[in-house]
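Thanks for coming, everyone. Please take a look at the screen, and I'll walk you through it.

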Amino acid sequence: MLTHSVFNPVSPQALAISNLFIFIMIVSLVIVLIIVGVLAYTCTHFRYHPGQADPPQTFGLTKLEITWTVIPFVLLVIVFAATMKTVSISAPPDDNALAGRTPDMTIVAHQWWWEVRYASGVVTANEIHIPIGKRMLVALQSADVIHSLWVPQINGKTDSVPGQTNMVYMEADRAGSYESACVEYCGDGHSRMRALVIAQPLAQYQAWERQQLATPPAPTGLAAEGAKLYQQFGCQSCHAASIGPDLTHFGSRGTLAAATLTNTPAHLDEWLHDPQAVKPGANMPNFHLSTKETRMLAAYLESLK
Ligand code: CUA
């Protein structure tokens, strides 16, 4: 329960946001309880009874008016100070922090998936690997409309805007897989535009990186048949051109269809048969493949480790 929520932060930024949220909630709760309590007391205790004379009327209680102006003012100043402190922790890097630094990765939002390009040359999609304990500098861009990346356990929301690069830090101090969603309505596939941030110990991360940079093993048997089909259908004209997700190491991913399905041959089969049925609005065309063809393609794609 609440595993992937803001209440289970894994980075200093998310922790600051979570603490601020809880603090403001407690302050608000106390205010609500006081107001509702006073209101309830007044309603019951000073109830009008038939035949009762009007109570003495008073006007212009300066002391009272100052009191109820000063208390909310002080409360707002406290909340403002707490918010500014959180903002200073979770804020995107400023120009000084960026001077002379190249981003560790660029994430490009597409309708409806995330392209991930590392400075190391690794290109992947929807699964963002990071080494634990390292503050990764991420450049966020968009290929089409405005999207917004939110990994609740790692940081606040950052918009990805066409023609603009927004910088954001991404770090996790605990190994794990953290769910993310697109949080700016971007069309049909918006609700299925998911991603995973996979935080790993450095050695594991480096092993993953090496694997991603290596050429996948040559396909054999059914997979080799699938590789031929892949050429025939011209899949690479989208999948190797940033129009669709890069599939070079597809078999090494845990999920497919923008992290909405686990990567199993059965799910891949389902996807290849009718992408729109799995993810309405998806830009992947339906090639009306036969069961034999989807099996061959699935065998090929799953072999791409
Ligand atoms: Cu992308 Cu909503």
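I'll start with the chain overall, then go through some individual residues.

First, a caveat. This is a predicted model. Keep that in mind throughout.

Overall shape. The chain has 305 residues. Its secondary structure comes to nine helices and twelve strands. The radius of gyration is 27 Å, and the globule rule gives 19 Å for 305 residues, so the chain is more spread out than a compact globule. The C-alpha trace spans about 95 × 50 × 35 Å along its principal axes.

Now packing and surface. What share of the residues counts as buried? The figure is 39%. Take the contacts between residues at least 6 apart in sequence: 67% of them join residues at least 24 apart. The exposed area is about 17000 Å², and carbon and sulfur atoms supply 63% of that.

Charges, briefly. There are 18 positive side chains and 22 negative ones. The centres of the two sets lie 5 Å apart.

On to the residues. I'll begin with Ser142. Ser142 sits in strand S5, which runs over residues 136-142. Is Ser142 buried or exposed? Its relative accessible area is 12%, and the cut-off for buried is under 20%, so Ser142 is buried.

What does the side chain of Ser142 reach? One partner is the backbone oxygen of Val145, at 2.5 Å. There is also the backbone nitrogen of Asp144, which lies 3.1 Å from a polar atom of the Ser142 side chain. Setting aside neighbours within four places in sequence, Ser142 contacts Val108, Ala109, His147, Ser160, Val161 and Pro162.

Follow that last contact to Pro162. Pro162 lies in the loop between strand S7 (158-160) and strand S8 (166-170). Pro162 and Ser142 are 20 residues apart along the chain, yet their C-alpha atoms are separated by 4.7 Å. For Gly163, 21 residues from Ser142, the C-alpha separation from Ser142 is 7.3 Å.

Pro162 counts as partly exposed, because its relative accessibility is 34% and that class runs between 20% and 50%. Beyond four places in sequence, Pro162 touches Ser142, Asp144, Val145 and Ile146. Note the overlap: Asp144 and Val145 are also where the polar contacts of the Ser142 side chain go.

Stay with strand S7 for a moment. Thr158 lies in that strand. At 16% relative accessibility, Thr158 counts as buried. Outside four places in sequence, Thr158 touches Leu140, His147, Ser148, Leu149, Asn166 and Val168. His147 is on the contact list of Ser142 as well.

Next, Asn126. Where is Asn126? It is in the loop between strand S3 (123-125) and strand S4 (127-131). Asn126 is at 6% relative accessibility, so it counts as buried.

Its side chain has a polar partner. A polar atom there lies 2.8 Å from the backbone nitrogen of Trp114. With residues up to four places away left out, Asn126 touches Trp113, Trp114, Val116, Arg194, Ala195, Leu196, Ala258 and Ala259.

That brings us to backbone geometry. Most residues other than glycine have a negative phi, and most peptide bonds are trans. Some places here depart from that.

Start with Ala259, which we just met as a contact of Asn126. Its phi is near 60°, a positive value in a residue other than glycine. Ala259 is in the loop between strand S11 (255-256) and strand S12 (261-262). With a relative accessible area of 18%, Ala259 is buried.

His288 also has a positive phi, near 50°. Its place is the loop between helix H8 (275-278) and helix H9 (291-303). Buried or exposed? His288 is exposed, at 65% relative accessible area.

Last item, the peptide bond. Which residues does the cis bond link? It runs from Gln111 to Trp112, with omega near 0°. Trp112 is in the loop between strand S1 (105-110) and strand S2 (113-118).

To recap. The chain is more spread out than a compact globule. Ser142 is buried, and its C-alpha is 4.7 Å from that of Pro162. Asn126 is buried too, with its side chain 2.8 Å from the Trp114 backbone nitrogen. That's my tour. Questions, please.

Terms used. Residues numbered from 1 in each chain as written. Predicted model: local features only at pLDDT ≥ 70, side-chain atom pairs only at ≥ 80, totals over all residues. Heavy atoms only, no water. Helix = DSSP H or I, 4+ residues; strand = E, 2+ residues; numbered from the N terminus. Buried < 20%, exposed > 50% of the residue type's maximum accessible area, 1.4 Å probe, protein only. Polar contact = N/O pair within 3.5 Å; in protein donor to acceptor, adjacent residues only side chain to side chain. Contact = heavy atoms within 4.5 Å. Rg over C-alpha atoms; globule rule 2.2 N^0.38 Å. Areas by Shrake-Rupley, 256 points an atom, 1.4 Å probe, with all protein chains shown as cover. Lys, Arg positive; Asp, Glu negative; His and termini not counted. Charge placed at Lys NZ, Arg CZ, Asp CG, Glu CD.
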